[in-house]
Amino acid sequence: MPTVPSEGSGPPANEPHEYRQAAESFGSDAERYDRARPRYPEALVERIVSGSPGTGLLDVGCGTGIAARQFQAAGCTVLGVDPDPRMADVARRLGTEVEVARFEAWDPAGRDFDAVVAAQSWHWVDPVVGAAVAQRVLRPRGRFAAFWHVFQLPAEVGKATAAACRRAMPDSPFGFGAMTRPAVDVYRPMLAKAADGIREVGGFDEPEEWTFTWEWSYTRDAWLDVMPTQGALTRLPADTLASVLEEVGTAIDAMGGRFTMPYTTVAVTAVRTGAA
């Protein structure tokens with residue numbers, strides 16, 4: 001579910017990093033987050049690792065360490081940074097070293113890295129301040145990569161989700177109409193902001209955009225396990241969340257109780273300038 005605030009709802013639209021309550025709410029059910037959230041294409045992991053000068057990697061907004069563990073399996077030494085101590089606790093228990101801080105205020109203490117990545121998290125970081133920190137801690141020719149899963153709900157499920165969320169959260173800053181639009185259109189402003197932040201800071205080669213297409217089949221229960229981990233829903237009272245899930249579950253039942261989700265994982269990436 002895209003979690004992009006709509007116009008006229010507090011901080012400026014498409015500035016989700018300013019919604020700190022949402023940005024730091026994912027630890028409300030960290031175990032579910034780690035269990036239910038999709039993993040990342042191995043081709044993306046391999047391309048980042050092979051395109052970096054070494055194996056020291058910083059994971060920004062690492063959450064429970066989903067991406068971190070994939071990079072560790074690919075041979076990287078990973079340090080995570082996350083603002084939520086509940087998420088960090090799970091990541092540590094599952095084998096990732098984590099420091100608790102907002103990335104913009106994090107102290108690298110003189111350390112540098114061969115790659116800086118942000119998996120499903122860069123929209124919670126100020127795109128200019130964050131790019132400046134990434135540029136500062138990257139070694140020459142080190143790679144920065146922020147990436148997101150862009151998914152397209154079946155039309156029936158998207159309509160039911162948007163309707164249920166509007167009823168449950170009439171004053172929410174999040175734009176639920178996005179669920180019925182082509183997913184890449186929803187994410188395009190966020191991708192552009194990431195690239196513009198890199199350009200504004202300087203010290204990087206021209207940003208590139210990588211895409212990786214794949215799909216995943218969900219049963220009704222599996223998708224309803226994912227939904228409470230999404231930014232628009234993480235702070236809902238239990239009874240309100242249950243009503244949203246029931247309505248979405250009914251739509252999935254009408255499709256036979258399962259569906260296949262098309263995903264595109266999109267990365268905005270750039271290499272730090274300078275001699276290796």
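**Before the close-ups.** A residue is called buried when its relative accessible area is under 20%, exposed when it is over 50%, and partly exposed in between, using a 1.4 Å probe and protein chains only. This is a predicted model, in which local features need pLDDT of at least 70 and side-chain atom pairs count only at pLDDT 80 or more, while totals for chains, interfaces and linings use all residues. Residues are numbered from 1 along each chain as its sequence is written, and side-chain values use heavy atoms, with hydrogens and water left out.

**View 1. Arginine 111 reaches glutamate 99 through a salt bridge.** A salt bridge here is a side-chain nitrogen of Lys or Arg within 4 Å of a carboxyl oxygen of Asp or Glu. In this pair the closest N and O atoms are 2.7 Å apart. Because arginine 111 lies in the loop between β3 and β4 and glutamate 99 in strand β3, the pair ties together parts that are 12 residues apart in sequence. Arginine 111 is partly exposed, at 30% relative accessibility, and glutamate 99 is partly exposed too, at 21%. Strand and helix names follow DSSP runs (helices are H or I, at least four residues; strands are E, at least two), numbered from the N terminus.

**View 2. Here is a salt bridge within helix α5, between aspartate 89 and arginine 92.** Helix α5 covers residues 85-93, and the two partners sit three residues apart, about one turn of the helix. Their closest N and O atoms are 3.1 Å apart. With a relative accessible area of 46%, aspartate 89 is partly exposed; arginine 92, at 39%, is also partly exposed.

**View 3. Further salt bridges, including a network, come into focus.** Look for the side chains of aspartate 221 and arginine 220, which meet at 3.6 Å, N to O. Aspartate 221 is exposed, with a relative accessible area of 56%, whereas arginine 220 is partly exposed at 23%. Asp29, Arg32, Arg35 and Asp225 are linked in a network of salt bridges. The count of salt bridges comes to 19.

**View 4. Seven strands make an open sheet.** Follow the order β3-β2-β1-β4-β5-β7-β6, with mixed pairing; two strands pair if DSSP finds at least two bridges between them. At the edges stand β3 (97-100) and β6 (208-219), each with a single partner strand, so one side of each is left without a neighbour in the sheet. Neighbouring strands are turned by 20° against each other on average, direction ignored. Strands β1 (residues 56-60) and β2 (residues 77-82) run parallel and are joined by five bridges, and aspartate 59 stands opposite glycine 80 in β2.

**View 5. Helices α3 and α6 meet the strands.** Helix α3 (residues 42-50) lies across β4 (113-119), β5 (138-151), β6 and β7, running at about 150° to β6. Helix α6 (residues 127-137) packs on the sheet, touching β1, β4 and β5, and its direction makes about 140° with that of β5. Axes are lines fitted to C-alpha atoms, for helices over the stretch in contact, and angles run from 0 to 180 degrees between N-to-C directions.

**View 6. Valine 266 is a buried residue of strand β7.** Strand β7 covers residues 258-271, and valine 266 counts as buried because its relative accessibility is 3%. Its contacts (heavy atoms within 4.5 Å), leaving aside neighbours within four places in sequence, include Ala146, Phe147, Trp148 and Leu191. Valine 266 and phenylalanine 147 are 119 residues apart along the chain, yet their C-alpha atoms are separated by 5.4 Å.
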